[in-house]
Amino acid sequence: PSVRKGVVFTLRIMLEERKVSEKHHSLVEELLLFSLKDEHPLVRIQSLRALRLLEGREEIIDQVRVVSLNDPYFTKRNGQEIYIVREEAKKTLRIMLKEDKWRKEEDSAQFQVGICYAGLGDYEKAIEELQKVVDKYPKSRWAPDSLERTGIYYWQGLDDSENAINTFEVLIDKYPNDNVVSYAYYWIGTIYLKQNQFDLAKKKFLYVQSTWPNSEMAERSKNH
C-alpha cells in the first residue's frame, strides 16, 4: 500500500504544480478513480485529494458521492466511530460543488448537484439546486425526478410535510404521464398515514394500486 499511496501522492503533487499535460488528464483521472477502490484507506484519501484538482466530469462527482455514503473504513475516537474516508469524500464534494470548472450546463449534471448536497445533509441547498432542473429544463427527463426528490427532502430531511405534499402535487399536475407520478401518490399516502389521516391515506394507496397495478409502488401500498 505504501507504493500505491506514493504513486497517488505523486500524481496529486504533479497536478498541483501543473506538470500533467492536458492529453494525459484522462489517464490520470482513470488511475485516480480506480484508486478510490483501493483496499487501503490512505490511498483512497490521497485519491480524493487529487481528484479535486482535475477538470472534473459528472462521473467523478458521482463516484466521490458513492464513497461519501458507503466507504466502510472507520477509526474510533472518544468511543465514536469516525468514517475518515467518507469525511474526506464529503469535503471533496463540497469543494467541487462550489467550483464551476467541472459543472456542465446539463440537466443530469444539475440533478447530480442536488443529490450530492442531500448526501452532505444540506437539504435546503439540495432543494434549491433541484429546483434549477425544473426551472431550466422543464422538459427534461430529470425534472419529474427532481420534484420527487424535492418532496422527499422536504419530508424526510426538513420534516416539512406540508411543502412535501405541495411538491408532490406539483409533480402530479405538471407531469401526469410520467412514471414517477406513482411515487408521488404513494409518498402523499405515506405522509397521511404518518399523520393518522387514514381515510386520505387509503384513497392514495388504492389509487396507486388501480392505476399502476404492476408497479413497485402498488406492491408497497398493499402493505399499509
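## Helices, strands and the overall chain

Helices (H or I, at least four residues) and strands (E, at least two) are DSSP runs, numbered from the N terminus. In this predicted model, the chain contains 12 helices and two strands. Along the sequence, these elements appear in the order α-α-α-α-β-β-α-α-α-α-α-α-α-α.

The C-alpha atoms occupy a box of roughly 65 × 45 × 30 Å along the principal axes. The chain has 224 residues, and 46% of them are buried. Among contacts with a separation of 6 or more, 51% join residues that are 24 or more positions apart.

## Helix α4 against helix α6

Two packed helices are described by the angle between their axes and the distance between the axes. Helix α4 spans residues 58-70 and helix α6 spans residues 107-119; their axes come within 10 Å and cross at roughly 20 degrees. Angles under 35 degrees count as roughly parallel, and α4 is therefore roughly parallel to α6. The crossing of α4 past α6 is left-handed.

On the α4 side, the contact is formed by Glu-58, Ile-61, Asp-62, Arg-65 and Leu-69. These residues meet Ser-108, Ala-109, Gln-112, Ile-115, Cys-116 and Gly-119 of α6. By class, the contact of α4 with α6 comprises five nonpolar, three polar and three charged residues.

## Helix α6 against helix α8

Helix α6 also packs against α8, at an angle of about 10 degrees and with the axes 10 Å apart. This angle makes α6 roughly parallel to α8.

From α6, the residues in contact are Asp-107, Ser-108, Phe-111, Ile-115 and Ala-118. From α8, they are Trp-142, Asp-145, Ser-146, Arg-149 and Tyr-153. The contact of α6 with α8 has five nonpolar, two polar and three charged residues. Ser-108 and Ile-115 of α6 take part in the contact with α4 and also in the contact with α8.

## Helix α9 against helix α10

The axes of helix α9 (residues 161-174) and α10 come within 9 Å and cross at roughly 155 degrees. Angles over 145 degrees count as roughly antiparallel, and α9 and α10 are therefore roughly antiparallel to each other. Their crossing is left-handed.

The α9 side of this contact consists of Ser-161, Ala-164, Ile-165, Phe-168, Glu-169, Leu-171 and Ile-172. The α10 side consists of Val-181, Ala-184, Tyr-185, Trp-187, Ile-188, Ile-191 and Tyr-192. By class, the contact of α9 with α10 has 12 nonpolar residues, one polar residue and one charged residue.

## Trp-187 and its aromatic partners

The whole structure contains nine aromatic pairs. One of them joins Trp-155 and Trp-187, with 5.8 Å from centre to centre and 55 degrees between the planes, and this pair is tilted. Trp-155 lies in helix α8 (residues 142-157) and Trp-187 in helix α10 (residues 181-194), so the pair ties together parts that are 32 residues apart in sequence. Trp-155 and Trp-187 also belong to one aromatic cluster, together with Tyr-186 and Phe-205.

Residues under 20% relative accessible area count as buried. Trp-155 is therefore buried, because its relative accessible area is 13%. Trp-187 is likewise buried, because its relative accessibility is 11%.

Leaving aside residues up to four places away in sequence, Trp-187 touches Glu-148, Ile-152, Trp-155, Phe-168 and Arg-220. Phe-168 also appears among the α9 residues that meet α10. Leu-11, by contrast, is 176 residues from Trp-187 in sequence and 46 Å from Trp-187 in space, C-alpha to C-alpha.

## Two residues with positive phi

Most residues other than glycine have a negative phi, and most peptide bonds are trans. Arg-18 is not a glycine, yet its phi is positive, at about 55 degrees. Arg-18 is located in the loop between α1 (2-16) and α2 (25-35). Residues over 50% relative accessible area count as exposed, and Arg-18 is therefore exposed at 76% relative accessibility.

Asp-159 is another residue other than glycine with a positive phi, near 55 degrees. The position of Asp-159 is in the loop between α8 and α9. Asp-159 counts as exposed because its relative accessibility is 66%.

Conventions. Residues numbered from 1 in each chain as written. Predicted model: local features only at pLDDT ≥ 70, side-chain atom pairs only at ≥ 80, totals over all residues. Heavy atoms only, no water. Axes fitted to C-alpha atoms, helices over the stretch in contact; angles between N-to-C directions. Parallel < 35°, antiparallel > 145°, perpendicular 65-115°, else oblique. Left-handed = near helix turned anticlockwise from the far one by under 90°. Contact = heavy atoms within 4.5 Å. Nonpolar A, V, L, I, M, F, W, Y, C, P; charged D, E, K, R; others polar. Phe/Tyr/Trp six-rings, centres within 6.5 Å; stacked < 30°, edge-to-face > 60°. Buried < 20%, exposed > 50% of the residue type's maximum accessible area, 1.4 Å probe, protein only.
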